[in-house]
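Work through the exercises below with the sequence and the model open. Each task is followed by a solution in steps.

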Amino acid sequence: MNAQIALILGQDGMANGAVYALLALCILLVFSVTRVLLIPQGEFVVYGALCMAAMQNGRMPALVWLLAGFAVAEAIADARARGPAAGGVAPRRLLARIAYPFALAGLLWLLPLAALPIWLQGLLTLAIVAPMGPQLYRLFYQPVADASTLTLLIVSIAVHLALVGLGLLAFGPEGARAAAFSDARYPLGPVTIASQTVWIVAVSVVWMAVLFRFFGRTLAGRALLAAADNRMGARLVGISPAYAGRAVFLLAATLGACSGILVGPATTLYYDSGFLISLKGFVAAIVGGLASYPLAVAGALAVGLVEAFSAFWASAYKEIIVFTLIIPFLLWRSLRQGPIEDDAE
């Protein structure tokens, strides 16, 4: 390996690490607020990439009908609740939730999708995928929000498997790759940097800055941090656990879809590619101890770099090498904490 190859691999590792950092932050935040390990996080990434590719090929993404089905199921669940105090929703809001996916489907059917500018295709992709986050929380997690962490993990695995099957139904078994935002390349010493890599890193950094400001300067962000720090205390001061759960799932779905839009032009993704993507974000979150956001970002960059250099030295074992990273951190944290007693849920 020479310096030029090392710089190329480092470029790829930083780009991948930036995406894994967004996913790790989502996994960490969702776990802090809801105690849910969001295994389906990777499905949001895949859905975003495949929806973008479908529109660029002039096809209306079939995922919009899954959004409509979830909207109807969510409206039925809310209508059965006994008033706002029990989680009920006003009839006008129920109708708006049901009308939204069908109105979006009509818009997608009328628009010349392949001829749209790429930024508008990205916004339409977010409009399809992002609302699925709160829908999934309302339908599958909110009814068991007070269950044990193990139960929530089992539910998360079941949701992941269901979304993989629905992804196969919506997109088919063939992989897809979206068009790059730009074909420009920028010289940097002995290597050239692809504009898509610049987009990935820049958008990821912007999202991290937005999250930092949102949680540090806004009332809604501080409410979510309060729910993450002490769920019972947050409930006592009037912060709704249902609101917090829906909000963090909306954030996770939005960032997941945005990550899919960014990485879609860089690699071919399939309907079942989300699991490995989620696991790499989970490894980064474990590096942060499922508690530290800066350490999670550092862990994500480390995962991206290890993956890139492993692909050069031992491509057949790169996934094994990446996932082996989790073992020393688990051992170190286990030895540091020592034995702890089980707490009653």
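The exercises cover aromatic pairs, cysteines and the nonpolar core.

The model is predicted, so local features need pLDDT of at least 70, side-chain atom pairs count only at pLDDT 80 or more, and totals for chains, interfaces and linings use all residues. Residues are numbered from 1 along each chain as its sequence is written, and side-chain values use heavy atoms, with hydrogens and water left out.

**Exercise 1. Classify the ring pair of Y47 and F171, and place both residues in the fold.**

Step 1. Rings of Phe, Tyr and Trp (its six-membered ring) pair if their centres lie within 6.5 Å; planes under 30 degrees apart count as stacked, over 60 as edge-to-face and the rest as tilted. The structure holds six aromatic pairs.
Step 2. The ring centres of Y47 and F171 are 6.0 Å apart and the planes meet at 45°, so this pair is tilted.
Step 3. Helices are DSSP runs (H or I, at least four residues), numbered from the N terminus. Y47 belongs to helix α2 (residues 41–56) and F171 to helix α7 (residues 149–171), so the pair ties together parts 124 residues apart in sequence.
Step 4. Both Y47 and F171 are buried, meaning under 20% relative accessible area (exposed is over 50%, partly exposed in between; 1.4 Å probe, protein chains only).

**Exercise 2. Do likewise for Y137 and F249.**

Step 1. With centres 5.2 Å apart and planes at 45°, the rings of Y137 and F249 form a tilted pair.
Step 2. Y137 lies in helix α6 (residues 132–141) and F249 in helix α11 (residues 241–263), so parts 112 residues apart in sequence are tied together.
Step 3. Y137 and F249 are buried. Ring pairs join Y137, Y141 and F249 into a cluster.

**Exercise 3. How many disulfides does the structure hold?**

Step 1. The criterion is a pair of cysteine sulfur atoms within 2.5 Å. The structure holds zero disulfides.
Step 2. For C51, the nearest cysteine sulfur is that of C258, 14 Å away. C51 is buried, at 0% relative accessible area.
Step 3. The sulfur of C258 is 10 Å from the closest cysteine sulfur, in C26, which is too far for a bond. C258 is buried, at 12%.

**Exercise 4. Which residues have the most contacts inside the largest nonpolar core?**

Step 1. Such a core is a set of buried Ala, Val, Leu, Ile, Met, Phe, Trp, Tyr and Cys residues joined through side-chain atoms within 4.5 Å.
Step 2. The largest core has 77 residues, and those with the most contacts inside it are Y47, L63, L104, L108, V129, Y141 and F249.
Step 3. Helix α1 (residues 3–34) supplies the largest share of this core, 13 residues.

Note on methods: Helix = DSSP H or I, 4+ residues; strand = E, 2+ residues; numbered from the N terminus.
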